[in-house]
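Here is a friendly walk through one protein model, with a look at its inner space, its aromatic rings and a few residues worth finding on screen. Keep the viewer open as you read.

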Amino acid sequence: MAAGQPSLAGVGDRGSSSSHPPPPPPPKILLAKPPLPPPSSSGADDEGGGRARQAPQPGSLSLVSDAWEVHTDKILPYLTENNDFMVIGIIGPPGVGKSTIMNALYGYDGSSPGMHPPFATQTEEIRAMAKHCTAGVDFRISHERVILLDTQPVYSPSILIDMMRPDGSSTLPVLNGDPLPADLAHELMGIQLGVFLASVCNILLVVSEGIDDCAMWELMLTVDLLKNNIPDPSLLTSSSSPDKENKNDNQAGCEDYMADLCFVHARLRENEFSPSKLMLLRKTLEKHFESSSFNIGSSSSATPEVTDSSLPSSTKAEDLSSSQQDVFLLPSRAHDNSTQFEYGTYSSMLGMLRDQVLSRLARPFSKNLTERDWLRSSAKIWDMVKRSPVVSEYCKALQSSGLFRK
């Protein structure tokens, strides 16, 4: 597939004047999902003893629902037979601004009064209640045919509470439908999200909080370990006949394809933006992933030693992170109105991230496929992830570790 080079310019400038009848209009693009309904006051549990789950809301495009099931019927009408598209996913812990980043990639800037963002973001009320606002995997597609996948947070206490029965078991059939303790199922959900996104995306944004948090790095190494025999979506299309040659292609796709990772460290304090800390972060990142299947930056041995005093006073953090486009820094939003923050406001640095990610030459899938073929293949891959024998064996190892409930 030739990956598209989307641009935020020219949105809505499709020409309509022609001597021939105009082509049929493309599918509509759903900009926003409706607000969530008020929480139930009854507090009634479902049949399994867990909390009652909200029914999918009309107009909401969830590729994977909060019941951990894939749904494609509502999404298919928004996709075409176009094969020039790009898929960007995101994964990270609660409250780091994942949905805000995805809204920026969509092109939403909040300047239109009364218009809801494509992906719901935390309100003060949700933040005060320590709740999450994304469940499962939410889907949107931009005018430039960029498919965006926003995901529920990993390591989220509120998700764990929602999926836990009074006896501590999980309400969700996370792995092969087998009953599991909720804390173990919750751990596996983050891994399954990572494996799925690494299989179906061209670019995967991995978001961490602060400059020293490496928990998401460890998660992606686990994903690399367990993403075994999960093919790339283009090898599951109906055009791939099951002859010997294609079986070999399938095997190669299982071994070789992995989404390109971009690491985003968000909610940074001003003193975490020194150039030397950024260069140390990059070198540590490259060292951390040097034995993995992910292609992270260049050889750390080629990176010169950098100190703050060795750089010109005009050097800015975005200048250092722009060359390889795989590490991005975002300040705390509290700096947005600060005139003393040296490296720019949150909005300006988020805009820089958006421009660089959208202009990046994404890793292509093995073969050309259409948007609709991608969706059908993604549904098959989700089923493979939930039934993966490798993840199942890893689950057994976690159960025997003594770190989770029996």
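## The largest cavity

Lining the largest cavity are Gln152, Pro153, Val154, Tyr155, Ile159, His186, Met189 and Gly190. Please keep in mind that this is a predicted model. The largest cavity holds about 40 Å³ of space, and a search of the whole structure finds one cavity of 30 Å³ or more. Which helix gives the most to the lining of the largest cavity? Helix α4, residues 182-200, does so with three residues. By character, the lining has five nonpolar residues, three polar ones and no charged ones. As background, rolling a probe the size of a water molecule over the atoms shows where empty space is left.

## Aromatic rings

Now to the rings. The structure holds seven aromatic pairs. One of them joins phenylalanine 263 and phenylalanine 289: the ring centres are 5.3 Å apart and the planes meet at 50 degrees, so the pair is tilted. An angle under 30 degrees would count as stacked and one over 60 as edge-to-face. This pair links distant parts of the chain, 26 residues apart, with phenylalanine 263 in strand β6 and phenylalanine 289 in the loop between α7 (275-288) and α8 (317-321).

Are these two rings' residues buried or exposed? Phenylalanine 263 is buried at 1% relative accessibility, and phenylalanine 289 is buried at 1% relative accessibility as well. Phe263 and Phe289 also belong to one aromatic cluster, together with Trp217 and Phe294.

Another ring has a charged neighbour. Arginine 140 lies over the face of phenylalanine 119, and the distance to the ring centre is 5.5 Å. Where is arginine 140 found? Its place is strand β3, residues 137-141. Arginine 140 has a relative accessible area of 1%, so this residue counts as buried.

## Contacts across the sequence

Some residues lie far apart along the chain, and their separation in space is worth checking in the viewer. The table gives the C-alpha distances for four such pairs.

| Residue pair | Separation along the chain | C-alpha to C-alpha distance |
|---|---|---|
| Leucine 281 and aspartate 212 | 69 residues | 8.5 Å |
| Arginine 140 and leucine 63 | 77 residues | 9.4 Å |
| Tyrosine 257 and asparagine 202 | 55 residues | 9.6 Å |
| Serine 378 and leucine 63 | 315 residues | 9.2 Å |

Leucine 63 appears with arginine 140 and again with serine 378. Arginine 140 was described above as buried. Serine 378 sits in helix α10, residues 371-386, and is buried with a relative accessible area of 1%. Leucine 281 belongs to helix α7, where its relative accessible area of 7% makes it buried. Tyrosine 257, in contrast to these helix residues, is placed in the loop between α6 and β6. At 5% relative accessibility, tyrosine 257 is buried too, because the cut-off for that class is under 20%.

## Helix α9

How far apart are the end C-alpha atoms of helix α9? They are 20 Å apart, which agrees with the 20 Å that its 14 residues (346-359) should span at 1.5 Å a residue. Among the buried residues of α9 are Tyr346, Met349, Leu350, Met352 and Leu353. Gly351, Gln356, Val357 and Leu358 of α9 are buried as well. When looking at any such list, it helps to recall that an α-helix has 3.6 residues a turn, so residues three or four places apart point the same way.

## Two positive phi angles

Most residues other than glycine have a negative phi. Which way does asparagine 229 go, positive or negative? Its phi is positive, at about 60 degrees, although asparagine 229 is not a glycine. Asparagine 229 is located in the loop between α5 (215-226) and α6 (244-256). With a relative accessible area of 45%, asparagine 229 is partly exposed.

Arginine 267 also has a positive phi, near 60 degrees, and is a residue other than glycine. Arginine 267 belongs to strand β6, residues 260-268. Its relative accessibility is 42%, so arginine 267 counts as partly exposed.

Conventions:
Residues are numbered from 1 along each chain as its sequence is written. This is a predicted model: local features need pLDDT of at least 70, side-chain atom pairs count only at pLDDT 80 or more; totals for chains, interfaces and linings use all residues. Side-chain values use heavy atoms; hydrogens and water are left out. On a 1 Å grid over the protein atoms alone, a cavity is a set of points where a 1.4 Å probe fits but cannot get out, and a pocket is an open set with protein on both sides within 12 Å along at least five of seven lines; lining residues have an atom within 4 Å of a point. Grid points are joined across faces, edges and corners, and a volume is the space filled by probe spheres set on the points. Helices (H or I, at least four residues) and strands (E, at least two) are DSSP runs, numbered from the N terminus. Ala, Val, Leu, Ile, Met, Phe, Trp, Tyr, Cys and Pro count as nonpolar, Asp, Glu, Lys and Arg as charged, and the others, Gly among them, as polar. The expected span of a helix is 1.5 Å times one less than its number of residues. Buried means under 20% relative accessible area, exposed over 50%, partly exposed in between (1.4 Å probe, protein chains only). Rings of Phe, Tyr and Trp (its six-membered ring) pair if their centres lie within 6.5 Å; planes under 30 degrees apart count as stacked, over 60 as edge-to-face and the rest as tilted. A charge sits over a ring if NZ of Lys or CZ of Arg is within 6 Å of the ring centre and within 35 degrees of the ring normal.
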